[in-house]
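This report introduces the structure shown below to a reader who is meeting it here. It takes up one helix, then the surroundings of the ligand, then a pair of strands.

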Amino acid sequence: MTSTKKIFMTGATGVVGRALLSRLAGDKRSAGKNMPQVLVLSRNVSAASEPAVKFVTARLGEPENWRHTLEGCTEVVHMAAQTGKARPAQFERVNVEGTRNVLEAARAAGVKRFLFVSSIAANYPELAHYPYGRSKRDAEQLVRESGLEWTIVRPTIVLSRRAAIWHSLNGAAGLPLTPVFGGGRARIQPIHADDLAECMATWIEEPQFARETYDLGGPEALSFGEFLGRLRARKKRSPGALLPLPGKSGIAVLALLEKFAFPLLPLTAGQLYAFVHDSTVQPNALLARHAAKMKNIEQMLDDLLKYD
Ligand SMILES: NC(=O)c1ccc[n+]([C@@H]2O[C@H](COP(=O)([O-])OP(=O)(O)OC[C@H]3O[C@@H](n4cnc5c(N)ncnc54)[C@H](OP(=O)(O)O)[C@@H]3O)[C@@H](O)[C@H]2O)c1
């Protein structure tokens, strides 16, 4: 059976995107299914090992170099984003203006179905010092006003062996004392990248998710401190040896320092937001379809620590 789908993807070289491409390629290998054709926008990569995947080497901010490639596409999956440490203008340029460019190109090419990968952070109660969160919130608004058959997913913390956040947490958990901002009280609900990819593949395969926003997290919610304690226990370290660091006051101090010493700071005020706001999900239909099969914390740790 030949797949008639042709998908334009941004961000497919990142942690989430690579999990999604493997899921779609794995699906092809299972009996009787073909991988959809995928066009990947990337700034760097130009060749893929999978014949169904073609790369378009260009930047989100230069739509004149890639918008023609959306002709004939049936879906857009927009995952590309500025993440990590960057200045507010960079978040705005890539995450808000980049999303505007992809939406306009989709409309011009007549591609109706549009999946936007946002973040649970878009829904934090305040984002004053979190330009990434603001950029996701503002991009969501553009997506909702687009007139397309849009769907927004808001992942929580995504864990994968490729994820920088995993390597930071794993490194911190191996220390004699693990520093944790906000006393480790914020609640999190990590999701394995493969489980997130499974949810996204369901969106690709089934048409019924239009005009909805879905939080996507794993099956277990716990505090940051508890998560680090469980990780420490797996590394044969005392689970309770956590060093509480300030949360809200840390944000206030970093926000001030960013004005004078941005390049020197190891992390930004925004990067502490996940330690002071809960990142747990609201139940929803897409999650309900997959929750029972998702990896819980111990299963995620089994997978992530396999090659430690
Ligand atoms: N990982 C998480 O914990 C997490 C949690 C919540 C939400 N999310 C969201 O999930 C999505 C994927 O995250 P991720 O962790 O997979 O990201 P990632 O590993 O940091 O990768 C970022 C991706 O964005 C692309 N990109 C960045 N700037 C671009 C530009 N100017 N033009 C074109 N492409 C650009 C990169 O492509 P090239 O380098 O190939 O150009 C790369 O594929 C993002 O929207 C992120 O905000 C992630």
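## Helix α2

The model is a predicted one. After helix α2 comes Gly110, a residue whose phi is positive, near 75 degrees. The helix itself covers residues 88-109, 22 residues in total, and from its first C-alpha to its last it reaches 31 Å, which is close to the 32 Å expected at 1.5 Å a residue. At Gly98, α2 bends by about 30 degrees.

Gly98 is also one of the buried residues of α2, a list that includes Phe91, Val94, Asn95 and Thr99 as well, and that continues with Asn101, Val102, Leu103, Ala105 and Ala106. The elements that cover these buried residues include the strands β1 (6-10), β4 (75-78) and β5 (113-117), together with the helix α3 (131-144).

## Around the ligand

There are 28 residues around the ligand, and those that come nearest are Thr13, Gly14, Ser42, Arg43 and Ala81. When the shell is sorted by class, 15 of its residues are nonpolar, 11 are polar and 2 are charged.

Both α1 (15-29) and β2 (37-42) supply at least two residues of this shell, and the largest share, 3 residues, comes from α1.

## Strands β5 and β6

Strand β5, one of the elements covering the buried residues of α2, pairs with β6 in the parallel sense over 5 bridges. Leu115 has Thr151, in β6, as its bridge partner. Strand β6 spans residues 149-155 and is mostly covered, with 6 of its 7 residues buried.

Methods: Residues numbered from 1 in each chain as written. Predicted model: local features only at pLDDT ≥ 70, side-chain atom pairs only at ≥ 80, totals over all residues. Helix = DSSP H or I, 4+ residues; strand = E, 2+ residues; numbered from the N terminus. Expected span 1.5 Å × (residues − 1). Bend = angle between axes of the 7 residues up to and from the residue. Buried ≥ 20, exposed ≤ 12 C-beta atoms within 10 Å, placed from the backbone. Contact = placed C-beta atoms within 7 Å. Near = placed C-beta within 6 Å. Nonpolar A, V, L, I, M, F, W, Y, C, P; charged D, E, K, R; others polar. Pairing = 2+ DSSP bridges.
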